[in-house]
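Visitor: Could you take me closely through one part of this model, the part around its second largest cavity, and then set that part beside other features of the chain? I would like the strands, the lining and the packing treated together rather than one by one.

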Amino acid sequence: MGKTLNKLALLGTAFTVAVPTTIAEVSAKDYLNEGDNSLTLSIDQTEGVFNSRDKERAQWYSSKGQNKVYKTYRNYFYFYSPVRPRDVKKGVADYSGLYENWYTRFSLSESSWDTRYMLVTRDRSSSKYNQNFKTKTKNLSTVKQGIGGGFEESKNVDKYGQFAGIHGEWRYLGYSKDATTIGNPMFPEDYIGKFHPLYKTYTVRPWDTNGWAKTYVPGSSYDRAKANASSAKERQLYKQKLDAINKIRKQSPIMKTKSASWWMNRLSLTSDPINDTAVFRGAWSKDGSNRYTEWSLVNDTTPKNMMVEEMTVKRADTGAVVAKFNRSQAEVEKGVQSYFGDKKLYTGTAYNVEVKVKNLNKTKTTLSKSMVEVGFKENYNAKNTYPSDFKGGTFGNEFNKVVTGAKIPGKSSRTFTLKNVVIPDRAKDTTIRMSSMIGAQHRDAQDNLNTIDDVGILPIRVVAKPGDMKIQNIQLVNKDGKVVPNPIPGESYKVRYTYKYSGADIKNAVYKTRKDKDGNTWYDFVRYDYPSVPLSVNSTINRTLPSKTSGNKLSGDVLNQTIKKTSTVRNGQTFEFETKFNVFEVPKLSATGDFNIGSAYSEFNSNGKTDSGSKSWAEKYDYSVENLQVLPRTERATANGKIKVAVSFTAVQTLPKTAKDAGFEQDVDAQVTVNGKTITVNENLKAGKNKNIVVETEVDAKVNQPINASVFLNRSTNAWESDLLTQKNNQASTVVNQTLLDAMKSNDFNTNTGGFVTSKMLSPTDKAWKTRTSNSWTQNYEVRTVNGNKVDYTTASGSAKSFYKYRKGALESIKVPQNESYEIKEVLFKSKFTKDNGLGKNKDGWVSMMTAEKEALIKAGYGYELKVVVQYKTNAFSTQPKKASASKGKGTTVRPYNVEGNFPNNLFVKTPDKTLSVNKGLVGKVVKDTPGLKEWEFTLQPTTSLGVKENGKVYVGENVKDGKYGIQVWTPVVNGVPTKKLKSVNGLSVYSPSQLADQKKLKFEVKGSATDDLVDTIIQ
C-alpha cells in the first residue's frame, strides 16, 4: 500500500494522533492514506478502483465484494466512497466496512476522549470503545464557526456490522481523487477548550524540515508554489491554496486570530481544492509529545443530489390515499410512513403510485428523460435484507417498472405516476414492500451523487378486499310466485332467502408479464375474468304440526335443505335462494338461512355474523265461545225424566286479515256438555262469528233443578290456534240465575244462560196462563256451502298426513215463513144413551163435544167415556234448508237449525168435582210422532172388575138433576220449537219461544134425573 499518515478529517477543529514515538495501542498512521494516486478513475470520473499502488486496499475491498469506489456528494463536499450506491448490489454496505474505520477503531487512551459519552459499543463492559462511530453529529452552523460543541442526534443509520440499526456518524468517509483518506466533517471533535491545536506550537513549513514533521507532513505542489513564480501554473496553485486558506478562516472564525500567510506556512494542502475536498495538514509538538492535525474545508459547492421526496399510493378508481412516504430532509435515508383509510391494499384492485422526486441541484437534470423505478416485493419481511437496487434474488421486487418523465428543473420537484398497479391474489394476507428509487442513470450523469435518499419504502398489508354476503330478506312465496306477508293454513309455500353482496367483485386479474433490458420485470393488466362461484344456503324450516304432544308441547318437524347455485359475484348484486314447496297445515313456522361460499372464496364473506337470518310467522288464530244458551230456558215437568235440550252458541274464529281475505274456513270439533252428558259435534267455521250453532241432545232432568251447559271448542286440538297449549278462550259455561234479556241490560254481550226445569204446571186459572194454539214467524237462515279439498303431505320423519283445506264457500241468507200449532183437536163423549141411539159421526156413540154438544147426553145413574185428541203441527222442519255434514270436504251448514220441542204426554180434564190428568184418571198414547206432526189420544183410565177389563167411565149419580154440566179440558204449556223467532239484540242471538197451550170448556147434558142438584159423580 502507499505511504500512510496519521490523519483525521475534521472541520475547524482537529483530531490529534500521537506519532509512533509515543507508545500507543494502535498507530493510526499505519492505516491512513496520503495522496498516492492509487485510485484509477473512470473516464467520467464517477467511479474508480484501487490499483497496484495500494494492493492492501484493493484486496480489502475485493474481500468485501467489490474493489470499487463511487463519486459521492455528502455534507457539502465530494469524495470517493467504497460504500455502494443504492442501485449497486456488490461492495461495502456502509461505512463500518471502510478500511480506515475498521483498523483504527480502538481508542489510544480512553481518558483523552472528552466526547466518549457519544461512543457506542456492543460490549459496554469493555474498556475499549470504537472511537470511529458516535451517536451524535455536528451541527453545520457550528462546523462553519469552527467552535466546539453544537452536537445533535445523527439522522444517518448504520445498516450493518457492529452498530446495525443505530443512528450515528463514522469518522472516515472515503478518499479524495488522489486517494487521500477523507474524514467526516460532521463527526464530533474529540477535545474541548484549550486542548484545541490552535493553542499549540505549530511547526513552520514542516515539509521543508528534516525531522519527524516532514515524515507526516511531506508537503505538496500547492505548498511549494510561490505567488511570484514565473510559471503561471505554479502561481495558480499558490492562489488555489490561498483561496482555500481564506475560506477555512472564514468558516472557522477562531482561525482568524492568525493571518492567512501564517497559516500558509504551517498547513499543507494535500488535495485538489477545486475538484475535490480541500484537506489541510499541520504538525505541532508540546511537552515532548508530537502531533499532527488535519482540517477539512466545507465547500460552498453546488449539491449533486436528487431525492425521493414523497411516494403516495392511491386507489385508481376513487383517488383515496392508502399510504404515503414523506422525506423532508435530504441526505437522510428514512422518511415518515403514514397510512390512511383502511390502511391496507386489496388484491385484484388497481392502484396508482405517485412518486415525487426533488432535484436539489441548481440546474435542471441532464438526462433527456428523468427516471424512477417503481415496484413491490411480495411476502415482505422487514427482518430480511433486500438488494439495494430492489432487483432479483429471493428478496428483490417481483414487480419493478421504470416510469419516465421530463427533466426536473433545479431546486424543483416532479411527480411520476405508475398507473393501474394490481396486486395479485397470491399476495393476500401478506405484507408487500412498495418501493420507488431514482434511476441509476442519474448517478451516472452526476446529477445524483448521494443515493442515500433515493428510495421511498412503504410496507403495506395486503388482504383480499373484504366482501360480505348479508341477508336482506326471508319471504314466503306461494304457488303463483307471489310473495305473501303471512301463510294461510293449508297452503304450500317455498321460502326465499335474499342476500346482497357488498365488496370487491370476485374476479381474477389477467396480466401480461414484461421485462426491460435493465432486468426490471413487471406485468401489465389485461382484463378481469369473473369466475362462477359456488354459493349455497342451508335452510332450516321449523314447521308446526296440528295437535299437541303428550308433554303438552306443540308438535312439529324440521325441514332441512341445502340450496346450491353458481354465479358470478359483483358488488351490489343480490342473490335469491328458494326452497322446494312444502305444505303448511298450520300457519306457524320459522325459517333460518345460513349462507356459505366456496372455500376458495372465503375472504369474500368476511363477516360471518351477517350470513344467517331467521324469520317467524305466527299471526293470531284463536277460537272462543260466546252467547251460549240452553233452549228452552224454562221447561215444565211433573216428574224427573228425559227431556230434549237444545244448546245454541256462537263459535268465534279469530283470523288475521291474510286468512280472512283468502276465505279460510276450518273444521272444528265442539264438545257440548249438558247436565253431565257430553256429545261432540263437528262444525265448519268461517272467519269471525259463527252464530246460532244449535246442538240437540236428550238429558235426564230433575224437576226444580237447573240445566247447565258448557261448550269446549277445539277440544281435540286438531285445529290450529295460537294458544293451543292453553286454549284459554275456548270454553264457556252457562249461568242459570240470569235471563238473557236481563243480562243484556248490563251490556254483557257475551252472557251465557242456562235452563231450568220447574214442576209448576199452569192451569187456566193461573194468572200466567195464556191460551195460544199457534205461532208463526219468519226464520232467517245462514246457509253456507262447505267446499274443501283433501291435501296429503309427508312429515320430515316420513309420516303421511292429510287434511281438508277449505276456502270460502257460497253464503246465502234465506228467509222462511214458518208456523206451528198445538191444540185440542177433538173431545169425544160416549154414553149408553149415545151408543143406543147411534149418535155420533160414525154412529158408534162417540159424539163431539166440540161440534155436537147437544148430542152429549147421559141419564143419571150411568157413566160416560171421554176421548181427547191433542195435536202439534209445524212446518219448521219441512221448510228449513237441509244441512249436510262435511263428507270428503263437501257439505252445507244451516244456522240456526230447528230442533224439536218437549211435549209432555199429559192432559188435564176437570169434571164438575175432580181434575183428572195422566196417571190420575187418564191414560194417553202417542198416535203420531214426527217432527212436523205429533198427535196424542187421551182416554179415561180403564178399570178391572172380577178380572174383566173395562173402559174407564165417569158415572153420574142416580140423583143428579137433569141439566147441563161443564167439563174443562186443557193441555200442558209447551215451548214448541225452541229455536223459533230468532232475533238479534245488541249483537246477541235471542230466541222468543212464545209458549203454546190450549183449553176447551165443554158441556154435557143429563136427562132422566129425578132431582135438581148434582149429588155426585163416580169414576169407575
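Guide: What follows begins at the cavity, moves through the strands and the core beside it, and then turns to other places in the chain.

The model is a predicted one, and a search of the whole structure finds two cavities of 30 Å³ or more. The second largest of them holds about 30 Å³ of space, and its lining consists of E853, K854, A856, K964, K1003, F1004 and E1005. By residue class, that lining divides into five charged residues, two nonpolar ones and no polar ones. The element that gives the most to the lining of this cavity is strand β65, residues 999–1006, with three residues.

Strand β65 also has pairing partners that can be followed residue by residue. With β62 it pairs in the antiparallel sense over eight bridges, and within that pairing K964 has E1005 in β65 as its bridge partner. Both K964 and E1005 are among the residues that line the second largest cavity. Strand β51, residues 857–858, is joined to β65 by two bridges, and these two strands run parallel; here I858 stands opposite V1006 in β65. Strands of a sheet pair through backbone hydrogen bonds, in either the parallel or the antiparallel sense.

F1004, another lining residue of this cavity, leads from the cavity to the packing. The largest nonpolar core has 39 residues, and F1004 is listed with F829, M849 and Y864 as those with the most contacts inside it. At least two residues of this core are supplied by each of β49 (811–831), β52 (863–874), β56 (915–918), β58 (933–940), β61 (954–956), β62 (963–970) and β65, while β52 gives the most, with five residues. In soluble globular proteins, nonpolar side chains tend to be buried together.

The largest pocket offers another lining to examine. About 1,000 Å³ of space lies in this pocket, which is lined by 44 residues, with R86, V157, K159, E333 and I452 lying nearest its centre. The lining of the largest pocket divides into 19 nonpolar, twelve polar and 13 charged residues. Strands β4 (69–74), β9 (169–170) and β25 (455–464) each supply at least two residues of that lining, and the largest share, four residues, comes from β4.

Several other strands can be read in terms of burial and pairing. Strand β39, residues 641–654, has ten of its 14 residues buried, so this strand is largely enclosed by the rest of the structure. Strand β37, residues 622–631, is joined to β39 by eight bridges and runs antiparallel to it, with V652 in β39 as the bridge partner of S624. Strand β39 also pairs with β42, residues 688–701, in the antiparallel sense over twelve bridges, and there F649 has I693 in β42 as its bridge partner.

Strand β33, residues 574–578, shows an alternation along its length: F575 and F577 point to one face and are buried, while T574, E576 and E578 point to the other face and are not buried. In a regular strand the side chains alternate between the two faces of the sheet. Five bridges join β33 to strand β28, residues 491–502, and the two run antiparallel; F575 in β33 is the bridge partner of Y499.

A further group of strands forms an open sheet, in which four strands follow the order β41-β40-β44-β45 with antiparallel pairing. Its edge strands are β41 (677–685) and β45 (731–733), each of which pairs on one side only, and the twist averages 20° from one strand to the next. Inside this order, β40 (666–674) and β44 (709–713) pair over five bridges, where V711 in β44 is the bridge partner of V672.

A last place to look is a loop between helices. K226 has its place in the loop between α5 (221–224) and α6 (232–251), and K226 counts as exposed because its relative accessibility is 52%, where exposed means over 50%. Between K226 and L237 there are 8.3 Å in space, C-alpha to C-alpha, and the two are eleven residues apart in sequence.

Methods. Residues numbered from 1 in each chain as written. Predicted model: local features only at pLDDT ≥ 70, side-chain atom pairs only at ≥ 80, totals over all residues. Heavy atoms only, no water. 1 Å grid on protein atoms, 1.4 Å probe; cavity = no way out; pocket = protein on both sides within 12 Å on 5 of 7 lines; lining within 4 Å. Points joined across faces, edges and corners; volume = space filled by probe spheres on them. Nonpolar A, V, L, I, M, F, W, Y, C, P; charged D, E, K, R; others polar. Pairing = 2+ DSSP bridges. Axes fitted to C-alpha atoms, helices over the stretch in contact; angles between N-to-C directions. Core = buried A, V, L, I, M, F, W, Y, C linked by side-chain atoms within 4.5 Å. Buried < 20%, exposed > 50% of the residue type's maximum accessible area, 1.4 Å probe, protein only.
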